[in-house]
Amino acid sequence: MVCLGNICRSPLAEGILQQKAERAGLGWHVDSAGTNGYHTGEPPHHLSIKVAKENGIDISKQRSRKFTAADFDNYDIIYAMAADVLADIKQISRHQFDATKVDLFLNELYPGQDREVPDPWYGPEPGYHEVFAIIDEACSSIVKKYSNQTINE
Ligand code: 4NP
């Protein structure tokens with residue numbers, strides 16, 4: 001799960017998907033990172049922590065890290081929260097960029113529409129609730145998709 005700062009959107013996506021995957025019995029390791037590295041080592045934004053907690057998810061122990069090219073070796077799927085993030089991922093990973101592993105996160109919920117998760121960073125608390133709901137819905141789609149695949153294998 002990748003966004004710009006790894007403090008607002010992708011920490012929510014990590015926490016939500018990890019919880020849903022565990023509840024579905026999928027042995028996934030979910031992680032998150034940011035492309036700008038401005039907040040490396042910091043916990044998520046206090047409003048992301050608050051909104052997650054209100055929804056029964058503790059993301060307070062996460063720490064921001066910068067996305068690296070090695071993430072293409074370490075992870076099977078990489079989701080970008082927005083188009084600028086996807087462009088950054090390409091620039092950071094250069095020859096290690098693997099288009100088959102990357103997609104815009106919301107294409108799982110709205111296939112082919114290239115929609116973006118809005119960045120709540122600049123706004124007040126309601127934006128964080130909105131973003132939580134969008135990410136939650138998309139994570140449900142992802143878990144449903146891969147749970148069905150597992151059953152059919
Ligand atoms: P995020 O939000 O990408 O959802 O974590 C942002 C947080 C910080 C900055 C940009 C976006 N920043 O430039 O510091």
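Which N or O atom in a side chain lies 2.8 Å from an oxygen atom of the ligand? I looked this up before anything else, and the atom belongs to the side chain of His39. I note here that the model is predicted, and I read every value below with that in mind.

**Entry 1: the ligand.** Staying with the ligand, I found that the protein covers 91% of the 350 Å² of accessible area that the ligand has on its own. I then turned to the backbone, where a polar atom of Leu4 is 2.9 Å from an oxygen atom of the ligand, and where an N or O atom of Cys8 also lies 2.9 Å from a ligand oxygen. When I listed the surrounding residues, I wrote down the run Cys3, Leu4, Gly5, Asn6, Ile7, Cys8 and Arg9, followed by Asn36, Tyr38 and His39, and finally Asp119 and Trp121. Sorted by character, the residues of this shell divide into 6 nonpolar, 4 polar and 2 charged.

**Entry 2: Tyr38.** Having met Tyr38 in the shell around the ligand, I checked its place in the chain, which is in the loop between β2 (33–34) and α2 (46–54). Is Tyr38 buried or exposed? I found a relative accessibility of 67% for Tyr38, and because exposed means over 50%, Tyr38 counts as exposed. I also looked at its separation from Arg23, and although the two residues are 15 apart along the chain, their C-alpha atoms are separated by 33 Å.

**Entry 3: Arg65 and Asp71.** I next followed Arg65, whose place is in the loop between α2 and α3, to Asp71, which is found in helix α3 (residues 71–74). A polar contact of 2.9 Å joins the side chains of these two residues, Arg65 and Asp71. How do they stand in accessibility? Arg65, at 25%, counts as partly exposed, while Asp71, at 4%, counts as buried, because buried means under 20%.

Leaving out residues up to four places away in sequence, I recorded that Arg65 touches Asn6, Asp31, Ser32, Ala33, Gly34, Asp71 and Tyr75, and that Asp71 touches Arg65 and Ile78. One name in the list for Arg65, Asn6, is also among the residues that surround the ligand, and I marked it for that reason. I looked as well at Arg65 and Trp121, which are 56 residues apart along the chain and whose C-alpha atoms are separated by 17 Å.

**Entry 4: the whole chain.** Stepping back, I counted 5 helices and 4 strands in the protein chain, and from the N terminus on I read the order of its elements as β-α-β-α-α-β-α-β-α. The radius of gyration is 15 Å, close to the 15 Å that the globule rule gives for 153 residues, so the chain is as compact as a globular protein of that length. Taken along the principal axes, the C-alpha atoms fill a box of roughly 45 × 35 × 30 Å.

For the interior, I noted that buried residues make up 47% of the 153 residues. Among contacts between residues at least 6 apart in sequence, 71% join residues at least 24 apart. For the outside, the accessible surface of the protein chain comes to about 8000 Å², of which 50% belongs to carbon and sulfur atoms.

Terms used: Residues are numbered from 1 along each chain as its sequence is written. This is a predicted model: local features need pLDDT of at least 70, side-chain atom pairs count only at pLDDT 80 or more; totals for chains, interfaces and linings use all residues. Side-chain values use heavy atoms; hydrogens and water are left out. A residue is near a molecule or strand if one of its heavy atoms lies within 4 Å of it. A polar contact is a pair of N or O atoms within 3.5 Å; within protein, one must be able to donate a hydrogen and the other to accept it, and residues adjacent in sequence count only if both atoms are side-chain atoms. Accessible areas come from the Shrake-Rupley method with a 1.4 Å probe; for residues, only the protein chains shown count as cover. Ala, Val, Leu, Ile, Met, Phe, Trp, Tyr, Cys and Pro count as nonpolar, Asp, Glu, Lys and Arg as charged, and the others, Gly among them, as polar. Helices (H or I, at least four residues) and strands (E, at least two) are DSSP runs, numbered from the N terminus. Buried means under 20% relative accessible area, exposed over 50%, partly exposed in between (1.4 Å probe, protein chains only). Contact means heavy atoms within 4.5 Å. The radius of gyration is taken over C-alpha atoms; the globule rule is 2.2 Å times the number of residues to the power 0.38.
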